[in-house]
Amino acid sequence: MNTRSHRALRPLASAALALAALSLAPAVLAGGHGNARGCARQFELAQRMDMESFRDYDEETFRAVHDDRAVTIFGSGAVRYGIDAIMTALASHFTGREAVWTWTEKYRVVDGCNSAFILYETVYEIPRIGFRQHALTGVTYSHDGHRWLAIADQGTPLP
């Protein structure tokens, strides 16, 4: 297989592995319903997949770790309801593949196998056009009985 074909398949392989990890995570990590420690480990995987898939332009994995009913509130105040609308709003990020996304976790609360919240300090940059947005980004997750899904995120620009 030539290098170009191999690179083209890498996102598909990454998405397939991520989806397999999400589907296996409840059984392997939770060790039964209500196991808070197992849910915390499962949550760690899900939130990492959420952040890294956005950083790595992995559209399929990013979509897979969000609830269909998710809401995004952008720093501008624009709101998108539902994963389809969110993906449409983020389409240029995934197709342009030139933004640099970094984050530092500032705060975390995980309520057993029910809900979780993480506050990140984030930077989103597009160097080619000199764009830089520094923000606090809060992401809320819910456990649907099988896996963790992002249900809401909100960005607040910082100076």
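This report describes the fold, the largest pocket, the nonpolar core and selected residues of a predicted model.

## Overall architecture

The chain contains five helices and six strands. Their order along the sequence is α-α-α-β-β-α-α-β-β-β-β, so the listing closes with four strands in succession.

The chain has 159 residues, of which 36% count as buried. Among contacts between residues at least 6 apart in sequence, 47% join residues at least 24 apart.

## The largest pocket

The largest pocket encloses about 740 Å³ of space. Its lining comprises 31 residues, and those closest to the pocket centre are F54, F74, L90, W101 and Y124. By residue class, the lining divides into 15 nonpolar, twelve polar and four charged residues.

Both helices and strands contribute to this lining. At least two residues each come from the helices α2 (36-55), α4 (83-89) and α5 (91-96), and likewise from the strands β1 (66-73), β4 (115-126), β5 (131-143) and β6 (148-157). The greatest contribution is that of β5, which provides five residues.

## The nonpolar core

In soluble globular proteins, nonpolar side chains tend to be buried together. In this model, the largest nonpolar core has 25 residues, and F54, F94, Y141 and W148 have the most contacts inside it. The elements α2, α4, β4, β5 and β6 each supply at least two residues of this core. F54 thus appears in two settings: it is among the residues closest to the centre of the largest pocket, and it is among those with the most contacts inside the core.

The surroundings of F94 can be given in detail. Apart from residues up to four places away in sequence, F94 touches S53, F54, Y57, D58, E59, F62 and M87.

## Residues with positive phi

Y57, one of the residues touched by F94, is found in the loop between α2 and α3 (59-64). Its phi is near 60°, a positive value in a residue other than glycine. Y57 counts as buried because its relative accessibility is 14%, under the 20% limit.

R97 also has a positive phi, near 50°, and is likewise a residue other than glycine. R97 is placed in the loop between α5 and β3 (100-111). With a relative accessible area of 45%, R97 is partly exposed, since this value lies between the limits of 20% and 50%.

## D144 in the loop between β5 and β6

D144 lies in the loop that connects β5 and β6. Its relative accessibility of 41% makes D144 partly exposed. The side chain of D144 reaches two backbone nitrogens: that of H146 at 2.8 Å and that of R147, also at 2.8 Å.

D144 can also be related to a residue elsewhere in the sequence. The C-alpha atoms of D144 and N114 are 7.9 Å apart in space, while the two residues are 30 apart in sequence.

## T137 in strand β5

T137 is located in strand β5, the element that gives the most to the lining of the largest pocket. At 11% relative accessibility, T137 counts as buried.

The side chain of T137 makes a polar contact with the side chain of T122 at 3.1 Å. Leaving aside neighbours within four places in sequence, T137 is in contact with I118, L119, Y120, T122, Q154 and G155.

Methods: Residues numbered from 1 in each chain as written. Predicted model: local features only at pLDDT ≥ 70, side-chain atom pairs only at ≥ 80, totals over all residues. Heavy atoms only, no water. 1 Å grid on protein atoms, 1.4 Å probe; cavity = no way out; pocket = protein on both sides within 12 Å on 5 of 7 lines; lining within 4 Å. Points joined across faces, edges and corners; volume = space filled by probe spheres on them. Nonpolar A, V, L, I, M, F, W, Y, C, P; charged D, E, K, R; others polar. Buried < 20%, exposed > 50% of the residue type's maximum accessible area, 1.4 Å probe, protein only. Polar contact = N/O pair within 3.5 Å; in protein donor to acceptor, adjacent residues only side chain to side chain. Core = buried A, V, L, I, M, F, W, Y, C linked by side-chain atoms within 4.5 Å. Contact = heavy atoms within 4.5 Å.
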